[in-house]
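Let's take a walk through the open and enclosed spaces of this protein, and through a few backbone details worth a look. Keep the viewer open as you read.

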Amino acid sequence: MLSLESAREKLLGSIKLLPAERVPLAAAPGCFFAEPIAAPIDLPRFDNSAMDGYAVRSDDLKEASADASVSLKQIAHIGAGEVFRGTISKLECARIFTGSVLPHGADAVVMQEDVTVKGDRIQFTEPVKPLENVRLRGEDIRAGSIIANPGDEMTATLASLAAATGHGEISVRTRPRVALVSTGSELVEPGQPLAEGKIYESDRILIASLLREIHCEPAILPLVPDNLDSTIAAFQQAFAQNDFVISTGGVSVGELDFVKAAFERMGGKLEFWKVAMRPGKPFVHGTFGDKHLFGLPGNPVSALVTFLLLARPALLKAAGARDLDLPCLEGELVERLVNRGERRHFVRARWSRGKIHVAGPQSSHMIGSLGSANCLIDVPPQSQLESGQLVAAHLWQLPSD
Ligand code: AMP
Ligand code: MG
């Protein structure tokens, strides 16, 4: 059986980057930059005013005081977006607004609150330093400087920066399209009547939601009963339109587990099966040309853990991300965790205000505590983590506290 590290290394080694495409900026948030992006212009673009006030020559106001005010003649009114082509000469000034271009000749701006206006004569009662209330061209971003690198995620703030520097389109990696195929003759769509022996299906919505959080595009396919032909047909349909297929269920050793056989029958190659972890041992990785199958076990908890630790980093790698791991926070265990087994145990828990609470019973069919859990704790084989010990919480949901 492969260790989790080897499985992850093998899996990531087989993942190619999805192609880059140019998309309108509005379509890019959540994608990863495919190439470095430079600022084609200086920011600020031009010297401009930081205040609503008056553009002046600081030299004119050197001697200004409450007792000896200096009067300047207003010769221009420069609204935001307007350009005054003239020059402010000695003892002249211009009405100016936040973001307006600083006119030639002026080297400072006095706030409107600090002057007295008498028609076109403006009175100043104190000096102003050169460059006071002036934002200088290029002091924020120089034309040619890099604002994002390949592998950076297009966040809201990077999108705003790209927009501010004039990028209407941006080159990003395509979002992974992921088909979700759940197998199991016992499964019923939530909202439908539940016949005896049946259960409601809950893996596809779990995985689809986690996929959307990493900006993949899930396609939820119909439920598949446990037989070879239906499973082959479902995989054929899934792979025809998607780069990745995530199946759930049907990866164990029972005679009703058809995922591996169906995948091979449709021409797929099984890369590995079984990983030394708990829950999630029977995880399957298969390739179909450049496309991939991630076969998750059907228990929702096993599906969650294998998705987070194996499928998620693989999809993020394909999407062009640099950071593939779940975000981690350190926390203090409030109870002891013992693993007497031979496999790494990922315990679901809740990180809250720096403390880590185990989230209920840990059998892989127990889902009752999943609603309050937000992280996994890695307990190595044959080991124990003591109460009070600081450990890493691998978060699938960022805590609100
Ligand atoms: P399997 O991996 O197919 O052996 O399924 C393991 C357990 O998970 C069984 O109890 C199934 O009924 C349950 N199960 C399988 N698939 C799902 C699913 N999509 N939603 C909810 N439970 C499931
Ligand atoms: Mg099954």
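## Where the ligand sits

In this predicted model, ligand 1 takes up the space of the largest pocket. That pocket has a volume of about 480 Å³, and 31 residues line it. If you would like to find its middle in your viewer, go to Gly 249, Pro 297, Gly 298, Asn 299 and Pro 300, the lining residues that lie nearest the centre. Two elements give two or more residues to this lining: the strand β15 (199-200) and the helix α6 (300-318).

What is the make-up of the lining of the largest pocket, by nonpolar, polar and charged residues? The polar class has 14 members, the nonpolar class ten and the charged class seven.

## Around ligand 1

Now for the ligand's own surroundings. The shell around ligand 1 holds 15 residues, and the closest of them are Glu 186, Glu 201, Ser 202, Gly 250 and Gly 298. Gly 298 is also among the residues nearest the centre of the largest pocket. By class, the shell divides into seven polar, five nonpolar and three charged residues.

Three polar contacts are good ones to display. The side chain of Glu 186 places an N or O atom 2.5 Å from an oxygen atom of ligand 1. Ser 202 takes part through its backbone, with an N or O atom 3.0 Å from a nitrogen atom of the ligand. Gly 250 also uses a backbone N or O atom, and this one lies 3.0 Å from an oxygen atom of ligand 1. How much of the accessible area of ligand 1 does the protein cover? On its own the ligand has 490 Å² of accessible area, and the protein covers 76% of that.

## A second pocket

The second largest pocket has a volume of about 420 Å³. Its lining is made of 21 residues, and those closest to its centre are Glu 153, Ile 214, Arg 312, Leu 316 and Pro 327.

Helices α3 (203-213) and α6 each supply at least two residues of this lining. The largest share comes from α6, which gives four residues. The helix α6 thus appears in two places, since it also gives two or more residues to the lining of the largest pocket. By class, the second lining has twelve nonpolar, six charged and three polar residues.

## An enclosed space

Next, the space that is closed off. Rolling a probe the size of a water molecule over the atoms shows where empty space is left. How many cavities of 30 Å³ or more does the count give? The count comes to one, and about 30 Å³ of space lies in the largest cavity.

Its lining can be picked out in pieces: Gly 30, Cys 31 and Phe 32, then Arg 173, Thr 174, Arg 175 and Pro 176, and finally Ile 214, His 215 and Ala 319. Five of these lining residues are nonpolar, three are polar and two are charged. Ile 214 is worth a second look, as it is also among the residues closest to the centre of the second largest pocket.

## Backbone details

Two cis peptide bonds come next. One joins Leu 43 and Pro 44, with omega at about -15°, and Pro 44 is placed in the loop between β2 (37-38) and β3 (48-49). Another joins Arg 278 and Pro 279, with omega at about -5°. Pro 279 lies in the loop between β19 (277-278) and β20 (284-288).

Positive phi values turn up at residues that are not glycine, too. Asn 133 has a phi of about 60° and lies in the loop between β9 (121-124) and β10 (134-135). His 215 has a phi of about 65°, and its place is the loop between α3 and β16 (217-220). You have met His 215 already, as one of the residues that line the largest cavity.

Definitions and conventions. Residues are numbered from 1 along each chain as its sequence is written. Chains are lettered from A and ligands numbered from 1 in the order in which they are written. This is a predicted model: local features need pLDDT of at least 70, side-chain atom pairs count only at pLDDT 80 or more; totals for chains, interfaces and linings use all residues. Side-chain values use heavy atoms; hydrogens and water are left out. On a 1 Å grid over the protein atoms alone, a cavity is a set of points where a 1.4 Å probe fits but cannot get out, and a pocket is an open set with protein on both sides within 12 Å along at least five of seven lines; lining residues have an atom within 4 Å of a point. Grid points are joined across faces, edges and corners, and a volume is the space filled by probe spheres set on the points. Ala, Val, Leu, Ile, Met, Phe, Trp, Tyr, Cys and Pro count as nonpolar, Asp, Glu, Lys and Arg as charged, and the others, Gly among them, as polar. A residue is near a molecule or strand if one of its heavy atoms lies within 4 Å of it. A polar contact is a pair of N or O atoms within 3.5 Å; within protein, one must be able to donate a hydrogen and the other to accept it, and residues adjacent in sequence count only if both atoms are side-chain atoms. Accessible areas come from the Shrake-Rupley method with a 1.4 Å probe; for residues, only the protein chains shown count as cover. A molecule sits in a cavity or pocket if more than half of its atoms lie within 2 Å of its grid points.
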